Amino acid sequence: MVVAQNNKGIMTAKETLENVEKALEEIRPFLIVDGGNIKLLSIENNMVRVQLEGTCVSCSVNQMTLKNGVEAIIKKHAPQIEKVLNIS
């Protein structure tokens, strides 16, 4: 199943999942240091749904972390992703 085409060629659903997981593994240590974490819920229509956990849930800057941290890193690994949403 073809999910998207990016500047690296065609990325399958499996490749997209693997790349998003790599991105989350890259950012996870920074969240864990502050008592938080992140869980991947789904990837649909070039949108990633995640759930912030631990202290990230009540953090006053969690939306900034989501946009400038999580979303930026996910887009670096999977350029076809358009948006990252936190589902609480």
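Lys67, Glu71 and Lys75 are linked in a network of salt bridges. The model in which this network appears is a predicted one. In total, the chain contains six salt bridges. Further pairs are set out below, after which the report turns to helix α1, the cysteines and the chain as a whole.

**Salt bridges**

| Pair | Closest N to O distance |
|---|---|
| Glu18 and Lys14 | 3.9 Å |
| Glu25 and Arg28 | 2.4 Å |
| Lys39 and Glu53 | 3.9 Å |

The pair formed by Glu18 and Lys14 lies within helix α1, where the two residues are four apart, about one turn of the helix. Lys14 is exposed, with a relative accessibility of 59%, whereas Glu18 is partly exposed at 38%.

Glu25 and Arg28 also both belong to helix α1, with a spacing of three residues, again about one turn of the helix. Here Glu25 is partly exposed, at 47% relative accessibility, while Arg28 counts as buried because its relative accessibility is 14%, and the cut-off for burial is under 20%.

The salt bridge between Lys39 and Glu53 has an N to O distance of 3.9 Å. Lys39 is located in strand β3 (residues 36-44) and Glu53 in strand β4 (residues 47-54), so this pair ties together parts of the chain that are 14 residues apart in sequence. Both partners are partly exposed: Lys39 has a relative accessible area of 38%, and Glu53 has a relative accessibility of 27%.

**Helix α1**

Helix α1 covers residues 13-33, a run of 21 residues. At 1.5 Å a residue, a span of 30 Å is expected, and the end C-alpha atoms are 31 Å apart, which agrees. The helix nevertheless has a kink of about 35 degrees at Ile27, shortly before the proline Pro29. Ile27 is itself one of the buried residues of α1. The others are Thr16, Asn19, Val20, Ala23, Leu24, Arg28 and Leu31. Arg28 therefore appears in this buried set at 14% relative accessibility and is also the salt-bridge partner of Glu25. Just after the helix, Gly35 adopts a positive phi of about 85 degrees.

**Cysteines**

How many disulfides does the chain contain? The count is zero. Cys56 takes part in no disulfide, and the nearest cysteine sulfur, that of Cys59, is 6.6 Å away. Why is there no bond between Cys59 and Cys56? A disulfide is a covalent bond between the sulfur atoms of two cysteines. The cut-off applied to such a pair is 2.5 Å; the sulfur of Cys59 lies 6.6 Å from that of Cys56, its closest cysteine sulfur, and this is too far for a bond. The two residues can also be described by their accessibility: Cys56 is buried, with a relative accessible area of 10%, and Cys59 is partly exposed at 30%.

**The chain as a whole**

The chain has two helices and five strands, arranged along the sequence in the pattern β-β-α-β-β-α-β. It comprises 88 residues, of which 36% count as buried. Its accessible surface comes to about 5400 Å², and 55% of that surface belongs to carbon and sulfur atoms. Among contacts between residues at least 6 apart in sequence, 48% join residues at least 24 apart.

Definitions and conventions:
Residues are numbered from 1 along each chain as its sequence is written. This is a predicted model: local features need pLDDT of at least 70, side-chain atom pairs count only at pLDDT 80 or more; totals for chains, interfaces and linings use all residues. Side-chain values use heavy atoms; hydrogens and water are left out. Buried means under 20% relative accessible area, exposed over 50%, partly exposed in between (1.4 Å probe, protein chains only). The expected span of a helix is 1.5 Å times one less than its number of residues. The bend at a residue is the angle between axes fitted to the seven residues ending there and the seven starting there. Contact means heavy atoms within 4.5 Å. Accessible areas come from the Shrake-Rupley method with a 1.4 Å probe; for residues, only the protein chains shown count as cover. A salt bridge is a side-chain nitrogen of Lys or Arg within 4 Å of a carboxyl oxygen of Asp or Glu.
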